[in-house]
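Student: Can we go through how the helices pack in this one, and where the terms come from?
Tutor: Sure, let's have a look.

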Amino acid sequence: MSLVESREKRAKELQGVLSELCAGNVPRWAGTPADDRAAQIAERELSKWCARVETQEFTIPWWRPRGVVHLQVGDRQLEGYPHYGSPGTAPDGIIGVLKTDPDNVSRFRIVPSDVAAAARTTGGPSRGETLAYLVLSPFGEAVPRYDAELIRTRLPVVGVSRWEEAFLREAAEADTRKSASRGELQFDVEDSGDRTTNNVIGTIPGKRSEEILLIAHHDCQYNSPGANDNAATLIVMFQLAEYFSRNTPPWTLTFLASGAEEIGFRGAYAYAEKRQREGTLDMIKLTLNFDSLTYGKHPHFFTTETSVAEQGSEVFRRQGADVVPVLHNEVATLDSEPFVERGIPSIFLNSRGDDESKVRLWHRPEDTPETVDLDLTEEYYQALVTFLSEVTL
């Protein structure tokens, strides 16, 4: 089969599996039937190519919002998405005034109006008087997120649009006696015990028994079909398994299709704990966490493993002069977090384009299969085949 024919075959297969994972544009929220099907698809795909495949069931706390969020600041209705784990408001909602958060420029607070009025001469109300938090999206429109720090506050938290920042700051600075600063928030959540979900793990033996652990999560946020985050990248991982099933890699490759990444990397933690119990954790010499590789042609490496990141960057540079790898000398862990905590080197690989247009799909209802760039999936596939064939640890 020619290279062109192979490329066309991979594109067709990717479209087919992508349509399965995003069927009906139903979110694959961890613990739902849609995500259970995603784990089954991952098991089916990895079973085609891996010498050994297993599933790992683990338990997650079940949480989701119910109904529509009512969020109003002054006379403007705003879109909002509750963060994972946020408690709902009382049935009649929260009413107060909007203030900035002195601890975080990306957050605003709703505080009682009488407290805000009394604090005008003392620099504003204290953090302990907060009723709820509004959190700006880092990229675009309102999104839900996971934030362990805010979960611990046990206060209602909603994500709001980055484009509303100027309006919100103006409202937060308005006189509390005027309606422009008034904030109203009401929403309900379901928080009802535990559910189960799964990791899927496949292994392809290499020339050496030491492992590189490749991770791509199969779940997505409750409001999004998750085509770019992270279905397309998951399929690239399946394609890597197919290639290395026919071409023995220098290192043993373990493929982890992780569950519950969007709610605190729980699948990755479950797998790290399993390997630790088995006494095989030290066989993993590097974790490669792939997430949202189809936002743009410029790969972003987050790692303190400079030598390995430079090897990866050089491979991507060979893709073309317009590809600009970016190295961040920091550990942005996500699903690598439990392995980093156990002393295992990690690379988090994400992507960006020449602007933020694709990144704005992050955690959004618009992240549908039609938005996935098939050329980008092929380019990342080819670069990762080369990297995994050449990497020295």
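What follows is a short chat about two helix pairs and the nonpolar cores of this predicted model.

Student: Why is H2 called roughly parallel to H6?
Tutor: Helix H2 (residues 33-49) and helix H6 (residues 227-246) pack at an angle of about 15°, and their axes are 8 Å apart. Angles under 35 degrees count as roughly parallel, so H2 gets that label relative to H6. Their crossing is right-handed.

Student: Which residues in H2 and H6 meet?
Tutor: On the H2 side you'll find Ala42, Glu45, Leu46 and Trp49, and they meet Phe238, Ala241, Glu242, Ser245 and Arg246 in H6. By class, that contact of H2 with H6 has five nonpolar, one polar and three charged residues.

Student: What makes H8 oblique to H10?
Tutor: Helix H8 (residues 306-317) packs against helix H10 (residues 374-390) at about 135°, with the axes 9 Å apart. Roughly perpendicular covers 65 to 115, roughly antiparallel needs over 145, and the rest count as oblique. An angle of about 135° fits neither range, so H8 is oblique to H10. This contact divides into six nonpolar, three polar and one charged residues.

Student: Which residues have the most contacts inside the largest nonpolar core?
Tutor: Those are Ile212, Leu214, Leu240, Phe255 and Leu388, in a core of 53 residues. H6 supplies the largest share of this core, eleven residues. Apart from it lies another core of 33 residues, including Trp63 and Phe108.

How values were computed
Residues are numbered from 1 along each chain as its sequence is written. This is a predicted model: local features need pLDDT of at least 70, side-chain atom pairs count only at pLDDT 80 or more; totals for chains, interfaces and linings use all residues. Side-chain values use heavy atoms; hydrogens and water are left out. Axes are lines fitted to C-alpha atoms, for helices over the stretch in contact, and angles run from 0 to 180 degrees between N-to-C directions. Helices (H or I, at least four residues) and strands (E, at least two) are DSSP runs, numbered from the N terminus. A crossing is left-handed if the near helix is turned anticlockwise from the far one by less than a right angle, and right-handed if clockwise. Contact means heavy atoms within 4.5 Å. Ala, Val, Leu, Ile, Met, Phe, Trp, Tyr, Cys and Pro count as nonpolar, Asp, Glu, Lys and Arg as charged, and the others, Gly among them, as polar. A nonpolar core is a set of buried Ala, Val, Leu, Ile, Met, Phe, Trp, Tyr and Cys residues joined through side-chain atoms within 4.5 Å. Buried means under 20% relative accessible area, exposed over 50%, partly exposed in between (1.4 Å probe, protein chains only).
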